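Trainee: I would be grateful for a close look at a single part of this model, with the surroundings added afterwards.

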Amino acid sequence: MINTYRFFIFVRIKCVVMKLTLNIEPGLISQIKEVAKKRNTSLSKITENLFKKEVKISSEPFRMKEESEISDWVKGMVASCDPVPDFDHKTEYHKHLEEKYGK
């Protein structure tokens with residue numbers, strides 16, 4: 001019978017953590033604490049993740065957003081999806097000016 005041994009090595013890595021003071025509305029703090037509790041995490045970790053996300057977004061090159069990333073109220077502002085091929089912009093603009101100001 002061969003004896004096998006298991007060794008566990010524990011390594012403690014010191015992480016430099018800096019403190020940051022933020023001014024946030026008390027009501028919002030209590031709400032985010034509830035969110036943190038539901039997610040089984042800390043307020044500091046949620047804040048850190050938000051900052052990481054912002055840094056990542058700001059360092060990415062510009063790209064067009066996917067349709068799923070656009071909010072519903074912005075989608076509601078779209079008047080027409082496809083342009084009308086025979087629409088004469090100049091003629092319609094002159095008609096508009098004549099109606100507004102007269103001949």
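How many residues apart are glutamate 48 and lysine 45 in helix H2, and about how many helical turns separate them?

Mentor: Some conventions come first. The model is predicted, so local features need pLDDT of at least 70 and side-chain atom pairs count only at pLDDT 80 or more, while totals for chains, interfaces and linings use all residues. Residues are numbered from 1 along each chain as its sequence is written, and side-chain values use heavy atoms, without hydrogens or water.

Glutamate 48 and lysine 45 are three residues apart in helix H2, which covers residues 43–59, and about one helical turn separates them. Helices (H or I, at least four residues) and strands (E, at least two) are DSSP runs, numbered from the N terminus. The two side chains meet in a salt bridge, with 3.5 Å from N to O. The term denotes a side-chain nitrogen of Lys or Arg within 4 Å of a carboxyl oxygen of Asp or Glu. Side chains of opposite charge can pair when their charged atoms come close.

As for accessibility, glutamate 48 is partly exposed, with a relative accessible area of 33%. Lysine 45 is also classed as partly exposed, at 39%. In this scheme, buried means under 20% relative accessible area, exposed over 50%, and partly exposed in between (1.4 Å probe, protein chains only).

Glutamate 48 has a further partner in helix H2. Its side chain meets that of lysine 52 in a salt bridge, at 3.3 Å from N to O. Lysine 52 and glutamate 48 stand four residues apart in H2, about one turn of the helix.

A search of the whole structure finds three salt bridges. Besides those of glutamate 48, there is one between lysine 95 and glutamate 92, where the closest N and O atoms are 3.6 Å apart. Lysine 95 and glutamate 92 belong to helix H4 (residues 89–101), where they are three residues apart and about one helical turn separates them. Lysine 95 counts as partly exposed, at 43% relative accessibility, and glutamate 92 counts as partly exposed as well, at 34%. Back in H2, salt bridges that share partners join Lys45, Glu48 and Lys52 into one network.

The setting of these helices can now be described. The chain has four helices and zero strands, and its elements run α-α-α-α from the N terminus on. Of its 103 residues, 2% count as buried.

Two residues lie in the segment before helix H1, which spans 26–38. One of them is leucine 20, which is exposed with a relative accessible area of 60%. Lysine 19 is also placed in the segment before H1, and it counts as exposed, at 85% relative accessibility. The C-alpha atom of lysine 19 is separated by 9.8 Å from that of serine 44, although the two residues are 25 residues apart along the chain.

Asparagine 40 is found in the loop between H1 and H2. Its phi angle is near 55 degrees, a positive value in a residue other than glycine. Asparagine 40 counts as exposed, with 73% relative accessibility.

To return to the part that was requested: glutamate 48 pairs with lysine 45 and with lysine 52, and each of these partners is about one turn away from it in H2.
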